[in-house]
Amino acid sequence: MDLLRAATTQARPRYGAIIYPESGIPLPVNDSTELEIGFGNGEYTVQCARMNPDTLYYGVEVSQACVLRCARRAEGLDNLRLINTDARYMLRELFADESFRRIIMQFPCPWSKNADAHRRVTAKDFADGLAAVLKVGGVFEMLTDDEPYAHEVRSVLGGHEALRAEDFEVNPIREITTKYERKWLAEGRNIYRVTFRKCAKFTAQRRVSQEMHIKIQSAITHEAVESLRNTEGHGEKSFWKFGRTFTDGDIYLLETLTSDDEFEQKFYIHIAPHGEGSLLRLDKTAKAFLTPAVRSALSDAAQRLS
Ligand SMILES: C[S@@+](CC[C@H](N)C(=O)[O-])C[C@H]1O[C@@H](n2cnc3c(N)ncnc32)[C@H](O)[C@@H]1O
């Protein structure tokens, strides 16, 4: 299986702070865990973690380059965990309800076009995720240089059944600042900080499940797996497409791309003999979260091979 392993093992950087939580969710927290979403170069979270060694910090950032930069900065810290993923989709999947006493988001893109409304902090899905993973009594802070956006966030999140809008501050004095904050202040722009407190219990439905394998009656041939190449399918908010096949004897790996509401993953479906038939499951080396699109891709491959 060495060739197959080589084909599927993704090059993953070895920095202590970066974690790959695909098989171990929800992630562990303690009484004083905090989270930064979209940490950029990571100065803020790294400095917080250095100043408060008894607090456990998580950072979720969609840009891999930013995660690497922050991980270099975080060398030697053991109270900071960085995750390279899309918080918009994954926040509620990675963490259980009542995980954080504080969540901070600093200078997110306001996504001002209507077509991008689903990406905003104010989108219902994201707001529900935030409200679920905050502890009752915990706070969410959002900083922006965009005044209308600050008001919109205050009004929409403040109307959430589990969140109460608290402070609305202009140019708050902060002990630790971020790159974007310094940039906007140097340009003479105002900075707005909007704070919310979770005031009631709240939960949000999780979409990622832990395990799935499908047995089919048919024995698999190379031609059958190859015939899946470039076939695709879609659901209401999901899309999947099959690509190349890797083989070693009677075991196959089928390259698969999926998208759930623009949350994209690339992984391999592992197909092996099982009794008289075959068994399909996610290959364990190419890690993926079992989202609705991934489950649909597995079912679709099984159906086409049956
Ligand atoms: C304008 S930068 C601000 C960076 C940093 N907070 C600062 O103040 O310097 C916004 C950051 O959010 C990240 N980001 C955007 N959408 C995200 C998402 N859905 N999940 C996680 N991070 C995201 C971007 O990659 C970028 O690093």
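**Two sheets, two domains and a ligand shell**

Helix α9, residues 292-305, lies across β8, β9, β10, β11 (251-260), β12 (263-274) and β13 (277-282), and runs at about 55° to β10. The model in which this arrangement appears is a predicted one, and the strands that α9 crosses provide a starting point for reading the rest of the chain.

Those strands belong to an open sheet of 6 strands with antiparallel pairing, in the order β8-β13-β12-β11-β10-β9. Because β8 (213-216) and β9 (232-234) stand at the edges and each has a single partner strand, one side of each is left without a neighbour in the sheet. From one strand to the next, the twist in this sheet averages 25°. At the β9 edge, the pairing with strand β10 (residues 238-248) is antiparallel and extends over 3 bridges, and here H234 stands opposite F239 in β10.

The domain assignment divides the protein chain into domain 1 (11-198) and domain 2 (213-305). The centres of domain 1 and domain 2, taken over C-alpha atoms, are separated by 34 Å, while the contact between them takes 6 residues from domain 1 and 6 residues from domain 2. On the side of domain 1 that touches domain 2, the residues divide by class into 2 nonpolar, 1 polar and 3 charged.

A further open sheet is formed by 7 strands, which follow the order β3-β2-β1-β4-β5-β7-β6 with mixed pairing. Its edge strands are β3 (80-84) and β6 (163-170), each of which pairs on one side only, and the twist from one strand to the next averages 15°. Within this sheet, β2 and β3 run parallel and are joined by 5 bridges, with Y58 standing opposite R81 in β3. Helix α5 (residues 124-133) packs on the sheet, where it touches β4 (100-106), β5 (134-144), β6 and β7 (192-198), and the direction of α5 makes about 135° with that of β5.

It remains to consider the surroundings of the ligand. Of the 19 residues around the ligand, the ones that come nearest are G38, G40, A87, T178 and Y180. Two or more residues of this shell are given by each of the elements β2 (57-61), α4 (87-94) and α7 (179-186), and α7 gives the most, with 3 residues. Strand β2 therefore has two roles in this description, since it contributes to the shell around the ligand and is also joined to β3 by 5 bridges, in keeping with the general rule that strands of a sheet pair through backbone hydrogen bonds, either parallel or antiparallel. By class, the shell consists of 9 nonpolar, 5 polar and 5 charged residues.

Definitions and conventions: Residues are numbered from 1 along each chain as its sequence is written. This is a predicted model: local features need pLDDT of at least 70, side-chain atom pairs count only at pLDDT 80 or more; totals for chains, interfaces and linings use all residues. A residue is near a molecule or strand if its C-beta atom, placed from the backbone, lies within 6 Å of it. Helices (H or I, at least four residues) and strands (E, at least two) are DSSP runs, numbered from the N terminus. Ala, Val, Leu, Ile, Met, Phe, Trp, Tyr, Cys and Pro count as nonpolar, Asp, Glu, Lys and Arg as charged, and the others, Gly among them, as polar. Domain bounds come from an automatic or database domain assignment. Two residues are in contact if their C-beta atoms, placed from the backbone, lie within 7 Å. Two strands pair if DSSP finds at least two bridges between them. Axes are lines fitted to C-alpha atoms, for helices over the stretch in contact, and angles run from 0 to 180 degrees between N-to-C directions.
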